[in-house]
Each structure stands twice: as C-alpha cells, then as structure tokens.
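Subject: Structure for your review

Dear colleague,

Please find the structure below, together with its sequence. My findings follow directly after it.

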Amino acid sequence: ISCKSSQTLAWLPVQDPSGIASYQVDVWRHSGDNIWKPVSGSPFVVYDKQGPLQVECSWTYRWQVRAMDGAGNTGPWSGWWTFVITLQ
C-alpha cells in the first residue's frame with residue numbers, strides 16, 4: 001500500500017493586456033474533521049498554469065487560484081476545487 005506524495009494542480013490560463021506575470025494558489029486541508037487550515041506557505045506563487053503540491057495521505061484538500069498581471073494587479077479568486085489523497 002502506498003500513498004502519492006505530490007499532486008499537480010492545473011487551471012486554464014487567463015489573458016490580460018499587460019500580460020500575466022504569475023498566479024497565486026491558495027491551498028487548505030483537513031484530516032476529516034472539516035476544520036480547514038491553510039497549507040504551510042500558502043498562497044503559493046506559480047509562474048505557469050500548473051504547479052506541483054506536496055500532499056499527505058488521508059487529507060482532504062481544497063484550492064483556488066487567481067492571476068497577477070504585469071502591473072501587479074490581482075484578479076478575483078476562482079471557485080474552490082477539492083480532492084482527497086487516498087491509499088493506493
């Protein structure tokens with residue numbers, strides 16, 4: 001029995017007249033008690049439309065993303081996406 005140690009988060013890119021400089025990815029998790037806590041270091045800065053996330057077995061994760069343009073303006077947060085890391 002094993003458990004994966006990373007998960008790639010991916011999203012559709014957005015367009016901006018001044019260009020997209022980076023994305024902020026906000027990640028939270030809970031261990032089954034429904035008490036959400038931010039993952040250490042979150043929100044993460046990612047310079048592409050996807051990024052790896054270190055994960056632990058038996059945790060439920062949720063994440064949202066927003067873009068930052070070349071002028072330093074941030075867009076709105078996306079909706080939340082949720083996933084669970086289980087034993088394989």
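Is glutamine 64 buried or exposed? Glutamine 64 counts as buried, because its relative accessibility is 9% and the buried class covers everything under 20%. Please bear in mind throughout that this is a predicted model.

**The surroundings of glutamine 64**

Glutamine 64 belongs to strand β6. Apart from its neighbours within four places in sequence, its contacts are Gln24, Val25, Asp26, Trp77, Ser78, Gly79 and Trp80. One of these, aspartate 26, is part of strand β2. The two residues are 38 positions apart along the chain, yet their C-alpha atoms are separated by 5.4 Å.

Aspartate 26 also counts as buried, since its relative accessibility is 10%. Residues up to four places away in sequence aside, aspartate 26 touches Ser42, Pro43, Arg62, Trp63, Gln64, Trp77 and Trp80. Trp77 and Trp80 thus appear among the contacts of glutamine 64 and among those of aspartate 26. Serine 42, which aspartate 26 touches, lies 22 residues from glutamine 64 in sequence and 11 Å from it in space, C-alpha to C-alpha.

**A cis peptide bond and two positive phi values**

Which peptide bond is cis, with omega near 5 degrees? It is the bond from serine 42 to proline 43. Proline 43 sits in the loop between β3 (37-38) and β4 (44-46). Both serine 42 and proline 43 are in the list of residues touched by aspartate 26.

Two residues other than glycine have a positive phi and may merit a check in any geometry review. For asparagine 34, phi is near 65 degrees. Asparagine 34 is located in the loop between β2 (20-30) and β3, and it counts as exposed because its relative accessible area is 55%. For serine 58, phi is near 70 degrees. Serine 58 is placed in the loop between β5 and β6, and its relative accessible area of 52% is why it is classed as exposed.

**Overall architecture**

The protein contains seven strands and zero helices, so that the order of elements from the N terminus is β-β-β-β-β-β-β. Its C-alpha atoms fill a box of roughly 50 × 25 × 20 Å along the principal axes. Of its 88 residues, 28% count as buried. The accessible surface comes to about 5,600 Å², and carbon and sulfur atoms hold 53% of that area. Among contacts with a separation of 6 or more, 64% join residues 24 or more positions apart.

As for charge, the protein carries 6 positive and 6 negative side chains. The centres of these two sets lie 7 Å apart.

**The nonpolar core**

In soluble globular proteins, nonpolar side chains tend to be buried together. Here the largest nonpolar core has 15 residues, and those that touch the most other members are Leu9, Trp11, Val25, Val27, Tyr61, Trp63 and Phe83. Strands β2 and β6 are the elements that give two or more residues to this core. The largest share, four residues, comes from β6. Two residues named here also figure in the contacts described above: Val25 is in contact with glutamine 64, and Trp63 is touched by aspartate 26.

**Strand β5 and its partner**

Strand β1 (residues 6-10) pairs with β5 in the antiparallel sense over five bridges. Leucine 9, one of the core residues named above, has glycine 51 in β5 as its bridge partner.

Which side chains of β5 (residues 50-54) point to the buried face? They are Gly51 and Leu53, whereas Gln50, Pro52 and Gln54 point to the other face and are not buried. In a regular strand the side chains alternate between the two faces of the sheet, and β5 shows that alternation.

**A loop glycine**

Finally, glycine 72 is in the loop between β6 (60-69) and β7 (81-84). Its relative accessibility is 43%, so glycine 72 counts as partly exposed. Although glycine 72 and serine 18 are 54 residues apart in sequence, the distance between their C-alpha atoms is 9.5 Å.

With kind regards

Technical notes
Residues numbered from 1 in each chain as written. Predicted model: local features only at pLDDT ≥ 70, side-chain atom pairs only at ≥ 80, totals over all residues. Heavy atoms only, no water. Buried < 20%, exposed > 50% of the residue type's maximum accessible area, 1.4 Å probe, protein only. Pairing = 2+ DSSP bridges. Contact = heavy atoms within 4.5 Å. Areas by Shrake-Rupley, 256 points an atom, 1.4 Å probe, with all protein chains shown as cover. Lys, Arg positive; Asp, Glu negative; His and termini not counted. Charge placed at Lys NZ, Arg CZ, Asp CG, Glu CD. Core = buried A, V, L, I, M, F, W, Y, C linked by side-chain atoms within 4.5 Å.
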